[in-house]
Amino acid sequence: MITSKTMTNLQIAGLLRAVAAALELEPGDNRFRIIAYNRAADAVEHATSEAKDLWDDGELKNLPGIGANLFAHLDELFNTGKVGHFEEILNHYPPALFELLEIPGIGPKSAFRLCKALGLNKAHTAVSQLEKAAKHGHIAKIEGFGADSQAQILKSIKEYRGRSVRMLLPRALKITSELTDWLKKDPHVLRADPLGSLRRHCATVGDIDIAVATNHPKGVIAHFSAYPKKIRVLEAGEHTASLVLPGDCQIDLMVQPSASYGSLLQHFTGSKHHNIALREYAMKKGLSLSEYGIKTKTGMKEFSTEESFYNYLGLEYIPPELREDTGEIKVALDHHLPRLVELSDIRGDLQLHSNINVEPGHDLGTGTPDQMAQKARELGYEYLGLTEHNPSVSGHTAGQMLEIIKIKTHQISEANHIHEKDHEKGFPYIFNGLEIDIGPDGRRSVPDSCLDLLDYACVSVHSSFQGTKKLMTDRVLSALDHPKVRFFAHPTTRLLQEREGIDLDWDRLFDFCKTHSKWLEIDAWPNRLDLPDVLVKEAVNNGIGLVIDTDSHSVAEMDYLEFGIWVARRGWAAKNDIVNTLPLTQMRKLLNKGGE
Ligand code: DGT
Ligand code: CA
Ligand code: CA
Ligand code: ZN
């Protein structure tokens, strides 16, 4: 394995996983080290900053999942480009072995035996050599393998080659709701609920897991396996089954009777790290956890609900979004979990693009202000904010921009005036906002004279994504520095599965927001979900106000707000942390004050 001083997070995660795999083959009991390495790999892979940058800034130690030992190894890596201890372990095994581990179903032990039997040594060709050997029937002849595992390996290689990326939530939710409709056609299905990352509302989902409560597991598994949209049945056992749907989407089903349904939900909601931590906590109390219940000295206790399961352990109920082993067990033990924000707490949407033609450089909305207000009313909001993109810089002089904003301001005040009598009857109030591009030099893309006409503005980066952390942060802070600019929209600029986003000095940004009462947006657009959950948690810890909005460019998209709620919940946000849970009267006061 080639290592260097400048390894990326993904490469480091791969390195740590390789060491964990090698440790499985090393003599002695390495269980805890294997867990620690895999865990560190996850932590590094999911970190929002590059480990190298954290190390540069002396902050690598604070990354959860990196203990003293691992820190010493990474320190060596960034200093010298190598980790002596890793090399010593990895050198016991051929590079081909680590490549075979990419194939689903092949673990370190089988990979080792395959490499030995087939003489596989080099990386990069190992998978094709394995495939060739399987096609020629060589694998069936290796001791401990046989024809069945040979066929399975061929299938898995095919899957590995066509492996799809993780799913975004709207697709996962659609698939789940269609499948749930199908499941409910079977009268023996008493309940059906999502599990895993989908239930925890992670930004992306690897596969879909579903729980069913039933007293007829056999029949339910048969009904599930007969799902008309399936491509094939991967597995159908007594309590579990798996299907593949078009687009390489896997669905895992777990069934159990109602009496133990609570522990089933708990066990397969995960996350893996939460479950490991919970298991350790329970073990200290002499209890052992499983999907069937809690084993005590006197026998097995069953739980029909998750609440009773957690309560039995002396913990308050932990909402799925918090189950990531970031301190939730300790806080639940003290009964101090926040009451997480809910969709019904939201009083208005503050980032909406209507079709008021402000001649923007990009993306005008399609709905009229009235249509958007009507939709806001249906959603039960008291207000909405229209934040079209600023008039394009290249196409307008400062004077022309001011004229355009004057017209928009007039249009919005007319709309409010027409509906004035209706406000008491629930017609929402429209705020006059604007989404302003942050220029490469940190300048706002409209003259300040325009801002004077607005109720508020938000600023955001839509171009020039490259730049050092310092430069990018300077840019953002400079653009935020105006009393009418109330929040920073889609702060990382990430596009899930497309663009990683910009590098900012978050501590500096948080400090600035705190000192100047600026808010950060949680953009609920499912491809953005920006701020990401991990940063939401930091913002909440720093006492920074957050705005959850949809960034809608059409009326229908206004339904997406709940995706933002989930991100906020994953970041431990309570109602008080979310600015747009304030009622209209308070929001008006807050915006009219400017700068406060
Ligand atoms: P994903 O699918 O990659 O987005 O992430 P999850 O969290 O849905 O993970 P998944 O589908 O592998 O497993 C679902 C949950 O089941 C996981 O969060 C932890 C829990 N779990 C508990 N025991 C086991 C086990 O033995 N195998 C698996 N695969 N999951 C287990
Ligand atoms: Ca899953
Ligand atoms: Ca699964
Ligand atoms: Zn934007």
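Here are some notes on the ligand 1 site and the calcium site in this predicted model.

1. Start with the shell. Ligand 1 is surrounded by 14 residues, and the closest are R166, S197, G206, D207 and D209. Sorted by class, that shell has 7 polar, 5 charged and 2 nonpolar residues.

2. Where does the shell come from? Helices α11 (196–199) and α13 (261–269) each give at least two residues, and α13 has the largest share, with 3 residues.

3. Now the polar pairs. The side chain of S197 puts an N or O atom 2.5 Å from an oxygen atom of ligand 1. R200 has a polar side-chain atom 3.0 Å from an oxygen atom of the ligand. With H267, it's a nitrogen atom of ligand 1 that sits 3.1 Å from a side-chain N or O atom. As for cover, ligand 1 taken alone exposes 580 Å², and the protein buries 61% of that.

4. On to the metal. The calcium ion (ligand 3) is coordinated by OD atoms of D207 (listed twice), D209 and D252, at 2.2 to 2.8 Å. Along the sequence these donor residues follow the spacing D-x1-D-x42-D. The other calcium ion (ligand 2) is 3.7 Å from ligand 3, and D207 coordinates both.

5. What does the D209 and D252 pair tie together? D209 belongs to strand β4 (residues 208–213) and D252 to strand β7 (residues 249–256), so the pair links parts that are 43 residues apart in sequence.

6. Are those two donors buried or exposed? D209 has a relative accessible area of 10%, so it counts as buried. D252 is buried as well, at 13%. The cut-off for buried is under 20%.

Notes
Residues are numbered from 1 along each chain as its sequence is written. Chains are lettered from A and ligands numbered from 1 in the order in which they are written. This is a predicted model: local features need pLDDT of at least 70, side-chain atom pairs count only at pLDDT 80 or more; totals for chains, interfaces and linings use all residues. Side-chain values use heavy atoms; hydrogens and water are left out. A residue is near a molecule or strand if one of its heavy atoms lies within 4 Å of it. A polar contact is a pair of N or O atoms within 3.5 Å; within protein, one must be able to donate a hydrogen and the other to accept it, and residues adjacent in sequence count only if both atoms are side-chain atoms. Accessible areas come from the Shrake-Rupley method with a 1.4 Å probe; for residues, only the protein chains shown count as cover. Helices (H or I, at least four residues) and strands (E, at least two) are DSSP runs, numbered from the N terminus. Ala, Val, Leu, Ile, Met, Phe, Trp, Tyr, Cys and Pro count as nonpolar, Asp, Glu, Lys and Arg as charged, and the others, Gly among them, as polar. Donors are N, O and S atoms within 2.8 Å of the metal (3.2 Å for Na, K and Ca); water is not among the atoms, so sites may look incomplete. Buried means under 20% relative accessible area, exposed over 50%, partly exposed in between (1.4 Å probe, protein chains only).
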